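User: Please take a close look at one part of this model. I would like to know how its helices pack and how that part sits within the whole chain.

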Amino acid sequence: MEFEDRVPFVVRLDTEDRQALFASGKRMAFPARQVLLREHEPSAHVLILLSGWTKVTSAAANGYEALLALRGPGDIVGEGAVLSGRPRSATVTALGRVEALAVEADRFGTLLDERPGIAKKLLALIADRTRDSDRRRVQYAALNVQERLALLLLELIRSHGQETQDGVQVAPGLTQSELAGSVGASREAIARLLKGLRERGVVRTERRGLVVLRPEVLRQMSRQGTG
């Protein structure tokens with residue numbers, strides 16, 4: 001998962017390249033929970049997110065949907081499938097209302113040819129995402145499920161948490177199945193761990209999602225496996 005040290009694609013571009021990119025697409029709006037891109041479908045365009053947040057998920061080996069990333073304003077999604085010409089490797093779903101710029105695959109390819117600055121920045125972004133994914137895979141391999149869940153929740157509240165009166169709300173719209181897929185566990189195991197955290201007053205579950213009340217406990221849990 002790529003949750004930290006993120007620099008959105010649009011922010012990386014210089015002014016002229018950014019203007020050229022925006023002039024090449026069509027604005028679209030998506031309501032909450034709508035799928036923007038679906039795994040295994042053909043790729044016809046990329047999306048530049050203008051406002052709102054999305055979750056990127058993929059079918060995990062344990063049968064659940066794994067949360068791969070959260071993408072927000074300035075991010076690009078769907079670029080891998082367009083560049084490779086292969087079906088999409090993940091599903092992108094709106095967490096809330098999302099506005100995006102759709103750039104058709106052929107036009108995007110032409111844009112990369114005509115403006116090497118955009119191509120270089122896209123290559124750098126892909127390299128950053130790959131490096132972060134590799135780092136996370138190595139780190140998770142040394143942790144048990146409880147430690148991986150604690151680390152995941154810390155990443156989520158650090159990068160996408162919303163302050164409340166008594167804690168930090170994790171990005172809404174994430175399911176226990178997606179958390180399970182992300183840490184390589186069963187949904188039942190995640191449910192048991194969350195129940196234990198609730199009983200200890202570490203988290204609170206609400207209709208809108210999960211609120212972390214005592215992040216210091218999660219930090220202690222994650223350090224048990226990392227140091």
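Analyst: What follows covers a helix pair, an enclosed helix and the domain contact. The model is predicted.

Start with the pair α4 and α5. Helix α4 spans residues 105-114, and helix α5 spans residues 116-141. Their axes lie 5 Å apart, at an angle of about 105°. An angle from 65 to 115 degrees counts as roughly perpendicular, and α4 and α5 are therefore roughly perpendicular to each other. On the α4 side, the contact uses Phe108, Leu111, Leu112, Asp113 and Glu114. They meet Pro116, Ile118, Ala119 and Leu122 of α5. Seven of these contact residues are nonpolar, two are charged and none is polar.

Helix α5 also helps to cover α7. Helix α7 runs over residues 176-183. Six of its eight residues are buried, so α7 is largely enclosed by the rest of the structure. The buried residues are Glu178, Leu179, Ala180, Gly181, Ser182 and Val183. Their cover includes strands β4 (54-59) and β5 (65-71), along with helices α5, α6 (145-160) and α8 (187-199). After α7 comes Gly184, with a positive phi near 70°.

Now the whole chain. It is divided into domain 1 (9-139) and domain 2 (144-222). Their C-alpha centres are 26 Å apart. Domain 1 gives 13 residues to the contact, and domain 2 gives 18. Together the domains bury about 1200 Å² between them, with 60% of it on carbon and sulfur atoms. Within domain 1, Tyr64, Leu67 and Leu70 lose the most area to domain 2. Together these three make up 44% of what that side buries.

Technical notes
Residues numbered from 1 in each chain as written. Predicted model: local features only at pLDDT ≥ 70, side-chain atom pairs only at ≥ 80, totals over all residues. Heavy atoms only, no water. Axes fitted to C-alpha atoms, helices over the stretch in contact; angles between N-to-C directions. Helix = DSSP H or I, 4+ residues; strand = E, 2+ residues; numbered from the N terminus. Parallel < 35°, antiparallel > 145°, perpendicular 65-115°, else oblique. Contact = heavy atoms within 4.5 Å. Nonpolar A, V, L, I, M, F, W, Y, C, P; charged D, E, K, R; others polar. Buried < 20%, exposed > 50% of the residue type's maximum accessible area, 1.4 Å probe, protein only. Domains from an automatic or database assignment. Buried area = accessible area lost by both parts, 1.4 Å probe.
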